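Biologist: Could you take a close look at the largest pocket for me, please? I would like to know what lines the largest pocket, by class and by element.

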Amino acid sequence: MIQSIDYAAIAPPLILAVAAIGLLLADAFDAPRRVLSLLSGGSLAVALIAVVALASGDRRDTLCLPDGLRGGGPRSCSYVADDFTLLFQGIVLGAAVVVVLLSLQEITDSKIPAGEYHFLLLAAVIGALTLVAARDLVLLLVALETLSLPVFALVALRRYDGTASEAALKLFLVSVVSTAVMLFGISLVYGATGAMHLDRIAPALSRLPSDLDPVATAGSVLVLAGFAFKVAAVPFHFWAPDVYQGSPLPVAAFLSVVSKAAGFAGLAIVLALGLPAYAHVWGPVIAVLAALTMTIGNLVALRQRTAIRLLAWSSVAQSGYMLAPLSVGDDRLPEAVAATTAYVALYAVMNLGAFAVVIGFRRRNAPLTPSWDTLDDYRGLARRSPAVATALAFFLICLAGLPPGVMGLFAKVVVFRATVAGGVTWLAVVMAINTVIGLYYYLVWAVRLFTPEASPGTGPAYDPAPGLPVRAAITATATAALVLSTAPQIVLQTVTQAT
C-alpha cells in the first residue's frame with residue numbers, strides 16, 4: 001500500500017529539513033557564523049510564512065489510509081494540518097525565531113560550534129512541528145523523539161563545561177525512561193484496540209470488551225506518564241532544574257517554551273482524539289498531577305536564589321496550571337483544550353521575555369558559569385538600564401497574574417473557569433492557593449530590580465549593549481506582551497476557533 005503525500009501540508013517541517021541539510025553543507029565549507037545564523041533564522045521565518053499560508057486555506061491532511069480499509073472505517077490520516085495544528089506550529093516557530101536571536105551572542109561567548117548548534121535546533125523544531133500534526137501513535141512517538149534527541153546534544157554543546165555534560169546525561173536518562181514507558185503504553189493500547197490512528201482508537205475503546213479494559217486502562221495511564229516526563233510534571237520533573245541550569249541559556253528557553261508547547265499539544269491531541277472514552281481514568285490522574293506540580297513547583301521556587309533555577313521551578317509550576325483544565329475529562333473537553341492552549345500561547349510570550357532579559361544580563365569579565373545570576377545581582381538594574389528593568393518587571397508581573405500584566409491574569413482566569421466549569425472545584429481551590437504563593441517570589445524578584453545596590457558600582461552590571469539580536473528579542477516579546485495585555489481575548493477567540 002502506497003500512501004500519497006501532500007507536500008503543501010508538510011511544507012513547514014519540509015522547509016526546515018531542507019534548510020538543515022543546507023546548513024550542514026555550508027558549515028562543512030566553513031561558512032561564517034552570521035551566514036549560518038541567517039540561514040537558520042530565515043528558514044524558520046519562511047516556515048512561519050508557510051503556516052500562515054496554510055491557515056488561509058482549507059484543512060489539509062496526508063499519509064492517509066484508503067477509504068474503507070479494515071471494515072469501512074474513516075479515512076484515517078497520520079498527519080493533519082488543521083487549525084489546531086497550524087496554531088501550535090505558529091507558536092513553535094515564533095518562539096524558535098526568538099530563540100535563534102538569543103543564541104547569536106551565546107554561541108560566541110560559550111564557544112559553541114555554530115553549524116552543529118543551528119542544525120540541532122532546526123532538527124528539534126522539525127520534531128515539534130510534526131508532533132503537533134501527528135494523528136497516529138507511531139508518528140507521534142517518532143516526532144517526540146525527533147524533538148528530544150537533538151536537545152540532548154544542544155545541552156551538552158559546551159564541551160568544556162562539566163555541568164552541561166551532567167545536565168545532558170540527566171536529560172538523556174530521563175527521556176529514555178519516559179520513551180520506554182510511553183512505548184509500552186502504546187503497545188498496550190494497540191493490543192487492546194488493534195489500531196494506531198487516533199480516530200480509530202477512540203471508537204474501538206468505546207466498545208471494548210470488559211476483559212480488555214484493564215489493558216487499555218494501563219496503556220492510557222502509561223502514555224500519560226510518558227507525556228508527564230516531557231512537560232516536567234511532578235513526580236517526573238526532577239530533571240528540569242539541573243538541565244535548565246546546565247544548559248546554554250537559549251537552550252533552556254527552548255526547553256521551557258518550545259518543547260513544553262509541543263508536549264502539551266501532543267498530550268491534548270491524544271486525550272481529546274484518542275482516549276476520550278477513558279476520561280474517567282486519566283481525568284483524576286491529571287487532576288492529581290496538576291495539583292502536585294503547581295504546589296511543589298511553587299514551594300521550591302520560594303527557596304531559589306538564582307534567576308535560572310527560579311525560572312526552572314516556576315516553569316514546573318506553570319505546567320500544573322496548564323494541566324488543570326484537562327482534568328475535567330470528556331464532559332467539557334473542547335473547552336478544556338482551548339483553555340490549556342490559550343495558557344500555553346500566553347505563557348510562551350511571558351517566559352521567553354523573562355529569559356531574553358536574563359540572557360542579556362551579564363557580569364562584566366565574569367566566567368561563563370551559572371553562578372553569576374543570583375537574584376541579588378539584579379538589584380539596581382532599574383538605575384543602570386531602566387527600559388530592561390521595566391520589561392523584566394512586566395514579564396514577572398504577567399507570570400504572577402497581576403495587573404497591569406493583564407495577559408497573565410487573563411490566562412489564569414481562563415484555566416480557572418474551565419476547571420470550575422468541569423466540576424473539579426477542589427483543584428480550582430488548590431490553584432487559587434498556589435497563585436498566591438507564586439505572587440510572592442515573582443514580586444520579590446521584581447522589587448529587587450528597583451532596590452538600590454548595597455555598594456553601588458561594585459556588583460554585576462547589565463551590559464549596556466547586549467547586542468542587537470538580544471535587544472530585538474526583548475523588544476519583540478515586550479511588544480507582544482503589551483499588545484496581548486491590551487486585548488488578551490484575541491488569543492482565546494483564536495484558540496476556540498482552532499479547537
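Modeller: Happy to! By class, the lining of the largest pocket has 18 nonpolar residues, 4 polar ones and no charged ones; here Ala, Val, Leu, Ile, Met, Phe, Trp, Tyr, Cys and Pro count as nonpolar, Asp, Glu, Lys and Arg as charged, and the others, Gly among them, as polar. This is a predicted model, in which local features need pLDDT of at least 70, side-chain atom pairs count only at pLDDT 80 or more, and totals for chains, interfaces and linings use all residues. Residues are numbered from 1 along each chain as its sequence is written, and side-chain values use heavy atoms, with hydrogens and water left out.

The volume of the largest pocket is about 520 Å³ (the space filled by probe spheres set on grid points, which are joined across faces, edges and corners). A pocket is an open set of points on a 1 Å grid over the protein atoms alone, where a 1.4 Å probe fits, with protein on both sides within 12 Å along at least five of seven lines; lining residues have an atom within 4 Å of a point. Of the 22 lining residues, Gly-90, Ile-91, Ala-345, Val-349 and Leu-484 are the closest to the centre of the largest pocket. Two or more lining residues come from each of helix 2 (33-55), helix 4 (83-109), helix 14 (333-360), helix 19 (468-486) and helix 20 (489-498), helices being DSSP runs of H or I with at least four residues, numbered from the N terminus. Helix 4 gives the most, with 6 residues.

For context, the second largest pocket has a volume of about 400 Å³, and its lining has 12 nonpolar, 2 polar and 6 charged residues.
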